[in-house]
Amino acid sequence: MLHQSLFLFLFFTLISSPLCGSSFQDEPLVNLVGHTPGSDPSAYPSFSSTNDKDRPADDLEASFKSLQLKYEADQITESRRYDHLGTPGSSPGEVSVEDFRAEGYGESDDTEAFKKAWDEICSSDNNVQPVLVVPKNKKYYVKPITFLGPCKSDSITLKILGTIEASNDPAHYKNDRYHWLLFYNINDFKVEGQGGTIDGNGKTWWENSCKINSSKPCTVAPTAVTFFQCHNLKVYGLNVQNAQEMHVSFEQSVNVQAVNIVVTSSGTSPNTDGIHVALSENVQIINPIIKAGDDCISIVNGSKNIEAIDVTCGPGHGISIGSLGEKKSEAQVSNVLVNGAKITGTMNGVRIKTWQGGSGYAENIIFQNIKMDNVGNPIIIDQNYCDQKNPCNEQSSAVQVRNIFYKNITGTSATKMTTTFNCSKTFPCEGIMQQEIDLVYKA
């Protein structure tokens, strides 16, 4: 589905611009950063050691040579067809959860019916096109459940027309506090959110978070929807709200296309990332609308060849690479493109965050064509990230941050510092480039 051709041609276009041509090579990078409204490189001396004055354009070109995903417009058109033309007709292999006595009144437990319906379509052969339907105008109460593959058919589809609502009783998650709806080891899988909603019913979890109530212990809460070890996955038009913690997570998955996902939760809901990507490659996130209490999109260790296109973000914490390197771990993130975003009222804009003491790298990352409105820390690299009560001790190792390109980022900042590069003293940021940055502080 996704080819290894992300934006090689795009970066060739960028490196031919004045910034990456002669004018960029004629002055130190620290001077270039100083031209950005509101930035103060002298506040971060560790970054001042980075100087790409003599770095040839050929090296920059080679650094981005592997960025090779392809934007598949035909697939996006297919997704939007459902949004605008209504639900396609049923297929011969279509199975409803109500065929297995799901009631859909929002009170009785429909978990067993969902399990039986999934087992039915997952065991269907290729003579039919197996489709599992969650009917519209109903609310199905579901406890934690794993939709397990691999399935017998070459492809399988889930259509969500009604509402699936989570149990909010922590006792129901005693066997697995990390997941509510888990899709595990399913290949050639399509999920169509045709007007339906997945509701994590997360208020109880938020109220018992240590970030909301400091007297509570810090514990994990379930991710609402997790796709784990799925290959050739398409998720279209999914609406997810009020997740217990993260809303949608793609983990150890390859060839993923997520289009028109809508995430909605309170801006004060703790740790409720909108879309999370971990240990995955060849992932496209296209036209999401995300309102959450944490990162709109978070891309963490093991992620490669990731595109986020036409993102609407806010409230939340912005679009983040990381955090990486916590507890002296090794992290690797590469080949990320964020192309087109509207970020409003968030704590951060586009951010790379790494803990001291880690190792590995975050490299070959482009943020471009982004509009910001009242955003704190619009552009930030923080190699000294510390999300804990006690101060973090200074460490000698760090996750290397290199080859980061910011282009055409405009709008208003809620903080005086519009650009912040808080880089490691021992492994300072390398190859940070900016072009057409126009961010203005507004009190």
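## Exercises on disulfides, salt bridges and a helix

C392 counts as partly exposed, with a relative accessibility of 27%. The model in which this value was computed is a predicted one. The exercises below start from this cysteine.

**Exercise 1.** Identify the cysteine to which C392 is joined, and state the handedness of the link.

*Solution.*
1. The partner is C386, with an S to S distance of 2.1 Å.
2. This distance lies within the 2.5 Å cut-off, so the pair qualifies as a disulfide.
3. The angle about the S-S bond is 90°, and the link of C386 and C392 is right-handed.
4. C386 has a relative accessibility of 29%, which lies between 20% and 50%, so C386 is partly exposed.

**Exercise 2.** Determine whether C210 and C218 are buried or exposed, and describe the bond between them.

*Solution.*
1. The sulfur atoms of C210 and C218 are 2.0 Å apart, and the two residues form a disulfide.
2. The torsion about their S-S bond is about 105°, so this disulfide is right-handed.
3. C210 has a relative accessibility of 18%, which is under 20%, so C210 is buried.
4. C218 has a relative accessibility of 58%, which is over 50%, so C218 is exposed.

**Exercise 3.** Locate the two cysteines of the disulfide between C296 and C313 in the secondary structure.

*Solution.*
1. The disulfide joins C296 to C313 with an S to S distance of 2.1 Å.
2. With a torsion of about 80° about the S-S bond, the disulfide is right-handed.
3. C296 lies in the loop between strand 19 (289-291) and strand 20 (297-299), whereas C313 belongs to strand 21 (residues 303-313).
4. The pair links distant parts of the chain, 17 residues apart.
5. Both C296 and C313 are buried.

**Exercise 4.** Give the number of disulfides and their pairing pattern, and explain why C230 is left out.

*Solution.*
1. The count comes to five disulfides.
2. With bonded cysteines counted along the chain, the pattern is 1-2, 3-4, 5-6, 7-8, 9-10.
3. The nearest cysteine sulfur to C230 is that of C151, 9.6 Å away; a disulfide requires sulfur atoms within 2.5 Å, so C230 is in no disulfide.
4. C230 is buried, with a relative accessible area of 0%.

**Exercise 5.** Which parts of the chain are linked by the salt bridges K159 to E94, E98 to K138 and K143 to D109?

*Solution.*
1. Side chains of opposite charge can pair when their charged atoms come close. The search of the whole structure finds eight salt bridges.
2. The side chains of K159 and E94 meet at 3.5 Å, N to O. K159 is in strand 6 (residues 156-160) and E94 in strand 1 (residues 94-96), and the pair links distant parts of the chain, 65 residues apart. K159 is buried at 8% relative accessible area, whereas E94 is partly exposed at 27%.
3. E98 pairs with K138, their closest N and O atoms being 2.7 Å apart. E98 lies in the loop between strand 1 and strand 2 (105-109), and K138 in the loop between strand 3 (131-134) and strand 4 (139-142), so the salt bridge ties together parts that are 40 residues apart in sequence. E98 is partly exposed at 31%, and K138 is partly exposed at 27%.
4. K143 pairs with D109, the closest N and O atoms being 3.3 Å apart. K143 lies in the loop between strand 4 and strand 5 (145-148) and D109 in strand 2, so this pair ties together parts that are 34 residues apart in sequence. K143 is partly exposed at 26%, and D109 is partly exposed at 39%.
5. A network of salt bridges links D295, R351 and K353.

**Exercise 6.** Compare the expected and computed span of helix 6, and establish where its buried residues lie around the axis.

*Solution.*
1. Helix 6 (residues 111-122) has twelve residues; at 1.5 Å a residue it should span 16 Å.
2. The end C-alpha atoms are 16 Å apart, which agrees.
3. The buried residues of helix 6 are T111, A113, F114, A117, W118, I121 and C122. They cover an arc of only 160° around the axis, which puts them on the same side of helix 6.
4. An α-helix has 3.6 residues a turn, so residues three or four places apart point the same way.

**Exercise 7.** Characterise the protein as a whole by its secondary structure, burial and contacts.

*Solution.*
1. The protein has seven helices and 29 strands.
2. Of its 443 residues, 56% are buried.
3. Among contacts between residues at least 6 apart in sequence, 79% join residues at least 24 apart.
4. The accessible surface comes to about 18,200 Å², and 46% of it belongs to carbon and sulfur atoms.

Notes
Residues are numbered from 1 along each chain as its sequence is written. This is a predicted model: local features need pLDDT of at least 70, side-chain atom pairs count only at pLDDT 80 or more; totals for chains, interfaces and linings use all residues. Side-chain values use heavy atoms; hydrogens and water are left out. A salt bridge is a side-chain nitrogen of Lys or Arg within 4 Å of a carboxyl oxygen of Asp or Glu. Helices (H or I, at least four residues) and strands (E, at least two) are DSSP runs, numbered from the N terminus. Buried means under 20% relative accessible area, exposed over 50%, partly exposed in between (1.4 Å probe, protein chains only). The expected span of a helix is 1.5 Å times one less than its number of residues. The arc is that of the directions from the helix axis to the C-beta atoms. Contact means heavy atoms within 4.5 Å. Accessible areas come from the Shrake-Rupley method with a 1.4 Å probe; for residues, only the protein chains shown count as cover.
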